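Subject: Handing over the model, with notes

Dear colleague,

Here is the structure I promised to pass on, and below it are my notes on what was found in it. Please read them with the model open beside you.

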Amino acid sequence: MRSPLVGALATAVLGTAALVGTAGTAGAATLPDAAGHTATPSLQRTADTTLTDTTRTGADAAAPRAVSFAGTVALSNCSGAIVRMPTSTDNDPALVMSNGHCLEGGMPGAGEVVVDQPSSRSFTVLNASAGNLGTVRATKVVYGTMTDTDVSLYELSSTYAQIKQRYNIKALDMATTHPVKGSAISVVSGYWKKTYNCNVDGFAHRLKEGDWTWKDSVRYTAPCKVIGGTSGSPVIDVASGKVAAVNNTINESGQRCTMNNPCEVDTNGQVTVRRGIGYAQETYEIPKCFGTGNKLDLGRPGCVLPKP
């Protein structure tokens with residue numbers, strides 16, 4: 001989890017490690033983004049096509065859905081997606097989801113929660129083959145934090161219907177059930193226009209990186225070697241086509257619980273370090289915090305997002 005890549009600076013720091021995408025102050029030069037990566041990404045590579053899924057059987061083993069870039073967005077320094085809650089309607093203001101560490105105001109401190117903060121951030125909308133369609137613009141940061149999870153949600157000035165009419169793009173649906181070990185997943189980065197395919201290897205009871213601690217994080221199998229700029233990418237469950245998590249970090253050099261080197265802590269306090277393994281934060285409980293009109297309500301039954 002490193003500082004986000006910003007504009008032309010991205011090309012200058014590709015070889016520098018960055019949280020798969022951490023954000024700095026708007027307009028300020030920052031380091032590469034957060035997934036804690038050292039590999040130099042290639043702008044020419046758009047997708048890894050091999051899915052590794054040896055666990056699913058029966059109906060779940062049917063041919064996987066084609067995962068495309070439709071519904072994903074590129075930020076100034078990270079990746080993201082236009083997302084839709086189960087209660088969302090076509091005329092609701094659309095939402096964009098990314099990481100908390102990708103906020104334009106910088107990474108929230110441990111225990112800090114950002115709610116209803118004005119924003120005019122723009123996002124580049126991609127079509128199925130990762131072509132740029134145009135932009136949408138935020139009116140506010142609805143929610144952002146790096147406590148327990150690593151997520152940001154922006155409200156847009158456009159409705160889902162307006163985006164569909166203008167770009168012929170549908171938002172990605174948010175899953176409402178816990179991810180399943182062994183599930184085939186795709187991490188779709190709008191920033192790099194690249195897809196990583198792997199499986200859910202398991203779950204970290206607690207994932208610690210620097211000052212931050214996240215709960216019940218998704219651990220990837222080895223093929224998902226996410227890099228700086230992939231922070232905030234939607235993690236798509238291949239079987240359902242829904243967003244199961246949001247990509248946020250990778251252990252870059254094998255260090256223990258330091259920045260860009262998250263460690264796992266089990267229920268007994270035992271620490272495990274997995275060099276080169278990436279992680280995402282689950283999102284299935286986020287819809288419980290949104291009601292009619294796509295309005296955030298942290299007091300709704302079942303909402304467990306940290307409160308300010």
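I begin with helix H2, which spans residues 160–167 and in which Tyr160, Ile163 and Tyr167 are buried. Seen down the axis of H2, these buried residues fall within an arc of 65°, so they line one face of the helix. Please bear in mind throughout that this is a predicted model. The spacing of such residues has a simple background, because an α-helix has 3.6 residues a turn and residues three or four places apart therefore point the same way. As for what that face meets, the buried residues of H2 pack against E2 and E3, and also against the strands E5 (122–126), E6 (132–145) and E7 (151–159). After the helix comes Asn168, whose phi is positive, near 55°.

One residue of the helix has a further partner: Arg84 lies over the face of Tyr160, at 5.0 Å from the ring centre. Elsewhere in the model there is another arrangement of this kind, with Lys194 over the face of Tyr196, at 4.7 Å from the ring centre.

Arg84 leads on to strand E2, residues 79–84, which is mostly covered, given that six of its six residues are buried. In a regular strand the side chains alternate between the two faces of the sheet. In E2, Ser79, Ala81 and Val83 point one way while Gly80, Ile82 and Arg84 point the other way, and all of them are buried.

Which strands does E2 pair with, and in which sense, antiparallel or parallel? Strand E1 (residues 72–74) runs antiparallel to E2 and is joined to it by three bridges, with Gly80 in E2 as the bridge partner of Val73, and the connection from E1 to E2 is a hairpin through four residues. Strand E3 (residues 93–98) also pairs with E2 in the antiparallel sense, over three bridges, and here Ala81 stands opposite Met97 in E3. Strand E8 (residues 172–173), by contrast, runs parallel to E2 and is joined to it by two bridges, with Val83 standing opposite Leu172 in E8.

Turning to the rings, the structure holds two aromatic pairs. In one of them, the ring centres of Phe123 and Tyr154 are 5.2 Å apart and the planes stand at 70°, so the pair is edge-to-face. Since Phe123 lies in strand E5 and Tyr154 in strand E7, this pair ties together parts that are 31 residues apart in sequence, and both Phe123 and Tyr154 are buried. In the other pair, the rings of Tyr191 and Trp192 have their centres 4.9 Å apart and their planes at 80°, so this pair is edge-to-face as well. Tyr191 counts as buried because its relative accessibility is 16%, and Trp192, at 4% relative accessibility, counts as buried too.

A last residue to look at is Asp297, which lies in the segment after strand E18 (295–296). Is Asp297 buried, partly exposed or exposed? At 37% relative accessibility, Asp297 counts as partly exposed. Leaving aside residues up to four places away in sequence, Asp297 touches Cys289 and Cys303, and its side chain reaches the backbone nitrogen of Gly299 at 2.9 Å.

With best regards

How values were computed:
Residues numbered from 1 in each chain as written. Heavy atoms only, no water. Buried < 20%, exposed > 50% of the residue type's maximum accessible area, 1.4 Å probe, protein only. Contact = heavy atoms within 4.5 Å. Polar contact = N/O pair within 3.5 Å; in protein donor to acceptor, adjacent residues only side chain to side chain. Pairing = 2+ DSSP bridges. Arc of directions from axis to C-beta. Phe/Tyr/Trp six-rings, centres within 6.5 Å; stacked < 30°, edge-to-face > 60°. Lys NZ or Arg CZ within 6 Å of the ring centre and 35° of its normal.
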